[in-house]
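Reader: Could you walk me through this one? I'd like to know what the coordinates say before I plan anything at the bench.

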Amino acid sequence: MRYFTEDHEWIEVDGQIGTVGITDYAQGQLGDIVFVDVPADGRSLGKGDEAAVVESVKAASDVYSPVSGTVLEGNTALADQPDLVNSDAEGEGWFFRLTLSDEAELESLMDEAAYEAFVAKL
Amino acid sequence: MTDLATETQLNVEDAPEGVDEPQILPLDGWHRARGGRMVPFAGYLMPVQYEGIMAEHLWTRESAGLFDVSHMGQLVFTAEAGVDAVARALEAMLPGDIGGLGEGRMRYSLLLNEEGGILDDLMVTRRANATGEDEIYMVVNGATKYDDIGYLLDVLPEDVTMNLQDEQALLALQGPKAVDALARLVPGVEALVFMTAGSFSWNGHALWISRSGYTGEDGFEISVPAEAAAALADALYAEPEVKPIGLGARDSLRLEAGLPLYGHDLDPETTPVMADLGFAVSKRRRDAADFAGAGRILAEREAGAAVRRVGLLVSGRQPVREGASVVAEDGAVIGRVTSGGFAPTLGAAIAMAYVPADLAAPGTGVRLVQRGKVHEATVAAMPFVPHRYVRASATKGA
C-alpha cells in the first residue's frame, strides 16, 4: 500500500517496513537533481522530522519523514546517480527505508487518488 | 518537502520601487507558447526554464541558446557639444576609458558611488546614430536600471541627455554555433569580433548587434524594436542550432564563466579591487585619478583590498549557495559565499565568495558552513570553464 503527504513524499508500506521517496510531481517541480543527502542507518525519526535534503540546480529542499520510525538504510545509489530521482522518482529514486514505530500514523496520509486530486488543485 | 534555499535572484525582492505586480515584457506570450516557466525577476515576469536548466545549459555550451534579456536597461546618452562631452561626463562615475572608445567599440565598466562602491556593472558602447552623430549606448542591469537612472540624473551635467530605450527588446544568442545561425539571418555579423558592435537590418527592422554576452561563449546581443522581437525570436528559433534558454541556465553559465552577478557578487559595499575587477579601471583613468572613489580604489590597488572575490571548487556534489559562510579553523565567520551552485559542464559544485586577502590565492583550502553543515572548498582561478570569445586576432571558432 502506498501513501502520500501534502509535502510530496510517498511511502510504500510492506508489513512494518516503509520505503520513502518524493513524488514524480515533486521532482518535476524541482528540476534537475544534482545531490541527495539521505539519513544514516539507525537514525530515529519522528513523523514530520527533516530526514533528507534534495538539491536541484536551482534550489535545496528538505524531505520529511511521513511517519515515525528507525532508518534501515539510505539509497546509496543516489550518491553517484542523484538523477535517478528525476528518471524514476517513485521507484529506483527512493530515498530511505525505515521500520515503522506507529502504523496508526498512516491513517493521516493520503492514498494515491487523494494525492492526485491534491496535486490537480495546485 | 519544502524549499530551503531557492536562488534569490529569482525572487521578487529586486522589483523596482513602486512596482507591485511584475511587468510584462514583449516576448511574454512567446515564452509561454514554448513551455517557458515564468517567474518574477527584477520586476518582470521572465522564463526561468523551458525543458530544464541542465539541458539548456549544455545546449548553449555546444550549440546556440536564445535568451530574452529585455528586462535590462538600454540607455542612450547624447549632448549638444558632442559625444566627447558625454564621455567626459560619464567618466566621473565610470573608471573606464570611455573617451578612448572607437566607434562600434564597447567596454565593460562599473557605475561607482563617491566611496568607490559599485552601484551597477554595465556595457558601454560608442556608436553612430541614424543622423551620423556619435552617441553612447549603455546596457545596465534590469534590477538596478531605475536606481541607475536616478543617480545619473543627479550627477550628469544638464547638457547631457539620457534616454531609456524602453521601446527596444534585447535578445542574446550565445554558444559556439550562434554565429552560424545569426549570420544566416543577418549576413555580416560574422565580421564582428568580441566587444565590437554595429548596425544591421533584418526584414526592414533596424538591429543593433554586439558580439558579447554573459555565458563565456562566443555570441551576440541584439537590440530590436519591441514590435519585431517576436518575429526575430521566431526566425532564430527556426534555425536548427537554436533553442530558447531561461534565467536558470543563464545563471549557471555565467557562474561557470566566472562573471559576477550584480546584487549578489557585487553591491555598493564592494569596490572594483575587492571584486577582482581591476581591469575595469583603465590606465589613463588611474593616472588621472579623476573618477568617483578614486582615492580609495587606487589605494586598494597599491596595498591590496582586505577581502577579495574568488572562485571556489567545493568538495563533493552538494551545492553551496549564496548566504553560506566562510569560516576560520575556530569557526569564526571570515567571509561569505555570494553565488554558488552545481556546474553542469564540470559536474561539480562551484561558488564565488569574498575571503580575506591571505586566503585568496588559487589552491588555498577554505571551510564553508551552510545550514550547520561544513563543506571543504579550494580557491580556484576563474573562469571555471574557459572563455571561448572570438577575438580580433583569432580565426573562427578559436
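Author: What follows is a set of short questions and answers on the two chains and their contacts. This is a predicted model, in which local features need pLDDT of at least 70, side-chain atom pairs count only at pLDDT 80 or more, and totals for chains, interfaces and linings use all residues. Residues are numbered from 1 along each chain as its sequence is written, chains are lettered from A and ligands numbered from 1 in the order in which they are written, and side-chain values use heavy atoms, with hydrogens and water left out.

Reader: Which residue does UniProt list for "modified residue: N6-lipoyllysine", and is that residue buried or exposed?

Author: The record, an unreviewed entry, lists A:Lys58; its positions are given in the numbering used here, feature names are shortened, and annotations may be inferred rather than shown by experiment. A:Lys58 is found in the loop between β6 (50–56) and β7 (59–64) of chain A, where strands (E, at least two residues) and helices (H or I, at least four) are DSSP runs numbered from the N terminus. Buried means under 20% relative accessible area, exposed over 50%, and partly exposed in between (1.4 Å probe, protein chains only). A:Lys58 has 12% relative accessibility, so the call is buried.

Reader: What residues of chain B does the "domain: GCVT N-terminal" annotation cover?

Author: Over this stretch the chain is 26% helix and 32% strand, with the end C-alpha atoms 47 Å apart. The UniProt annotation, again from an unreviewed entry, covers residues 29–284.

Reader: How much area is buried between chain B and chain A?

Author: Contact here means heavy atoms within 4.5 Å, and it takes 21 residues from chain B and 25 residues from chain A. Buried area is the accessible area (1.4 Å probe) that two parts lose on being put together, summed over both. Carbon and sulfur atoms give 52% of it, and the total is about 2000 Å².

Reader: How many salt bridges are there between chain B and chain A?

Author: The rule asks for a side-chain nitrogen of Lys or Arg within 4 Å of a carboxyl oxygen of Asp or Glu. A:Glu55 and B:Arg371 form a salt bridge, with their closest N and O atoms 3.1 Å apart. Between chain B and chain A the count is three.

Reader: Which element gives the most to the side of chain B that touches chain A?

Author: β1 (2–6) and α2 (53–62) of chain B each supply at least two residues of that side. By class, the side has eight nonpolar, six polar and seven charged residues. (Ala, Val, Leu, Ile, Met, Phe, Trp, Tyr, Cys and Pro count as nonpolar, Asp, Glu, Lys and Arg as charged, and the others, Gly among them, as polar.) With five residues, the top contributor is β1(B).

Reader: How many residues of α2(B) are buried?

Author: The buried ones are B:Ile53, B:Met54, B:Glu56, B:His57, B:Trp59, B:Thr60 and B:Arg61. The helix is mostly covered, and of its 10 residues the buried number is seven.

Reader: Where does the side chain of B:Ser63 find a backbone oxygen?

Author: B:Ser63 is found in the loop between α2 and β4 (64–68) of chain B, and at 4% relative accessibility it counts as buried. Leaving aside neighbours within four places in sequence, its contacts include B:Gln174, B:Gly175 and B:Pro176. A polar atom of the B:Ser63 side chain lies 2.7 Å from the backbone oxygen of B:Glu241.

Reader: Which residue meets B:Arg284 in a salt bridge at 2.6 Å?

Author: B:Arg284 is partly exposed, with a relative accessible area of 39%, whereas its partner is buried at 17%. The N to O distance is 2.6 Å, and the partner is B:Asp97.

Reader: How far apart in sequence are B:Arg388 and B:Glu217?

Author: Their side chains meet in a salt bridge (2.8 Å, N to O). B:Arg388 lies in the segment after β20 (373–380) of chain B and B:Glu217 in the loop between β12 (205–210) and β13 (219–225), so the pair ties together parts whose separation is 171 residues.

Reader: Which helix holds both B:Arg296 and B:Glu300?

Author: These two form a salt bridge, with the closest N and O atoms 3.6 Å apart. B:Arg296 is partly exposed at 37%, while B:Glu300 is buried at 13%. They sit four residues apart, about one turn, in helix α9 (residues 294–303) of chain B.

Terms used: A polar contact is a pair of N or O atoms within 3.5 Å; within protein, one must be able to donate a hydrogen and the other to accept it, and residues adjacent in sequence count only if both atoms are side-chain atoms.
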